[in-house]
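Me: I am new to this structure and would like a close look at a single part of it. Could you walk me through that part slowly, and then show me a few other spots for context?

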Amino acid sequence: MDIDHLLSAREILRSSIAKSRTIANALDSNASNLKETSRNLARTQAAITNTARRSKCAVQIDRAMGPASAVSKILDLVYELEDSLRADVAVSDLSVYVTNIKRLQETLKLLTDNCRLVVLWLEDVVQFLQNNAASDDEWYLVQVVSKVVKIMEQLQGEGGPFCREGGDALSNAFDNLESHYMHLLTEASFPLQRDIQEMQDIVEVLAANNRLEKSVSIYAENRIENFRLTFQALDLDYLNIKWSETDSVETVDSYIDEWGKHMEFAVRHLLRKEYNLCSKVYRKFGSDVSMNCFAKIAGECGFTYILDFGSRICRCKKEAIKLLSLLKVFSILDKLRLEFNELFDGKFCTEIRNQTRDLVKKVVHGACEIFWQLLVQVEFQRASKPPEYGNIPVLVSFVTDYCNQLLEEENSSILIRVLEIHQVWNRVKLEEGRGLLSNEIRSIFRAVEINLVTWAGMYNDANALPHFFMMNNHWYLWSSIRGTNLEELMGDTRLSAYEESTEYYAAWYMRESWEKLLVLLREDDIILYPNGRAIDRNLVKKRIVVFCEEFDDLCRKQSKWILSDKVLRWKTRQMIVESIIAPYKRYLERYMPTGLLEYSAERLENIIGSLFKPNVGKYGGSKCSDLIGINNAAVSRFSSTPAAA
């Protein structure tokens, strides 16, 4: 029975040695040892047989033969699985590939366990032979069996090619999985559900083999690159515009709306989808893993560079029109507030969350600082000189249009929120934001009215020009406020007061200028004889000449005076015609029916029809949109240096 066992052992060892030759690369230097073992197997078997006959060694050998046979079969399976893992994952069934990786890992564990049993029994054989060997053949057998033990120990995992994550086979398989993972991440802007399932399977395998962190790095790097490629397709050249704190916000104001669209696209589409994709791919590993991955993408994809555009706007020169730009920025951020709070929550997004909060603080503080300075700036302009020709000061037209813009729903609702937030941050007594806005604008217009009175008193012409100036400006206030948000704020009483003031100053303007000409059309001493009809033509002619000279002189004085509003200009001309030209015409018809054509009523009326035209390039009557969009010089004077004209 022992002889049969030995013969079986010989066949099993001979088969094991033959298979060992096929794994020369995996076993490195052990291959030569296996060849030597194979050549000496016959002598070893014979020696073992002889020795077993003479000792109890046969028992140990018999015990080692079962595990040794299992090792041979397991090796066959290992090489079969290795071959299957050499295929490209992209053209293989991923589920089969992943299953084979798991099978290979289990098979290698089984190989290790069986090698451990073989080593235990063969070590007993070596020990017995060493204690009982008497001939050269027996000592040679000791050497051969010892070498087999070493080979088995290496297969067991003590430094052999199948340890350390399964050696080259498993390592290459994991590398293939990572390559396919990378391919799935870059194949489409946002993977399909089928691809997401494959990514989940890959991540699960990699995580089980201490490669989770590496998979996160691969994911983040590829999604960051995808994010950047998407942004390259957008027109983001405005982000490269250079400007300093001394530059006006007009430099970039036209890009704020475009920036808002890009912010919304980035947050609600790109980052939202990245957030959802991270959550799906890493859902089995907890929110920390997915949020860490998402934070890397959000922080390095270029979004913070886009966000910084808002901060650069805050650093522009402080001026009135900057308030409108800051309200736009706040509106954009406020619309995305819920998305920001959800996407950038948690410890991993601290940096980008702090950057966003810092931007909001800059916008709120900057907007409130400018808003509360408006009244101060209006009062500061009081010391400046009035317009030379009685036209509308830049301050008046700017403030009127500017306040109308502030009261537009899209601006007022945001400004009210900003004012209320600022109160909370500064822990001051809370007032309703709409009341703050309304009261401040009323105060601004009271200051404008005081400015007008002050400027009117600065004219050297103590008669007509101050009244012309006040008529012009009160008409402008009435016509510009009527039908706007300012009318609702100021009320009908205030609006009617402007209209009445226009009529009041118009009457004084006529009284102090044109109506003074009427005294020159006197009728005394024209009739030569009492109760007669004879007329002193020379006296009439003289008085007409004097009248016309005074008329010409008055026209020369007022030739540069400006009435920008077409309606007021027409009404004023008509008022002059009705007050002066009509009496003059009747005077001519009564006392000078013929001659003196150069002084005809039609000629004088034509002259009046050319008065008060606005000169091209003058600021009077310009709209706020023109000042904000075109004429930075005019606005600068409002925000920095005294100048009413």
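Which are the buried residues of helix 18?

Reply: Happy to help! A word on the basis: this is a predicted model, in which local features need pLDDT of at least 70, side-chain atom pairs count only at pLDDT 80 or more, and totals for chains, interfaces and linings use all residues. Residues are numbered from 1 along each chain as its sequence is written, and side-chain values use heavy atoms, with hydrogens and water left out.

Now to your helix. Helices are DSSP runs (H or I, at least four residues), numbered from the N terminus. The buried residues of helix 18 are Val394, Leu395, Val396, Ser397, Phe398, Val399, Thr400, Asp401, Tyr402, Cys403, Asn404 and Leu406. Buried here means under 20% relative accessible area, exposed means over 50%, and partly exposed is in between (1.4 Å probe, protein chains only). Because 12 of its 13 residues are buried, helix 18 is largely enclosed by the rest of the structure. Its length fits too: helix 18 covers residues 394-406, and at 1.5 Å a residue it should span 18 Å, which agrees with the 18 Å between its end C-alpha atoms. That expected span is 1.5 Å times one less than the number of residues.

For context, here is another enclosed spot. Phe547 sits in helix 24 (residues 537-558) and is buried, with a relative accessible area of 0%. Leaving aside residues up to four places away in sequence, Phe547 touches Leu517, Leu520, Leu521, Ile580, Tyr584 and Leu604, where contact means heavy atoms within 4.5 Å.

Charged pairs are worth a look as well. The structure holds 15 salt bridges, each a side-chain nitrogen of Lys or Arg within 4 Å of a carboxyl oxygen of Asp or Glu. One of them joins the side chains of Arg223 and Glu274, at 2.9 Å from N to O. This pair links distant parts of the chain, with Arg223 in helix 10 (residues 212-232) and Glu274 in helix 12 (residues 256-281), 51 residues apart. Both Arg223 and Glu274 are buried.

Helix 12 appears again in the next pair. Arg268 forms a salt bridge with Glu339, their closest N and O atoms being 3.2 Å apart. Arg268 lies in helix 12 and Glu339 in helix 16 (residues 337-343), so the pair ties together parts that are 71 residues apart in sequence. Arg268 counts as partly exposed at 31% relative accessibility, whereas Glu339 is buried at 17%.

Notes
Helix = DSSP H or I, 4+ residues; strand = E, 2+ residues; numbered from the N terminus.
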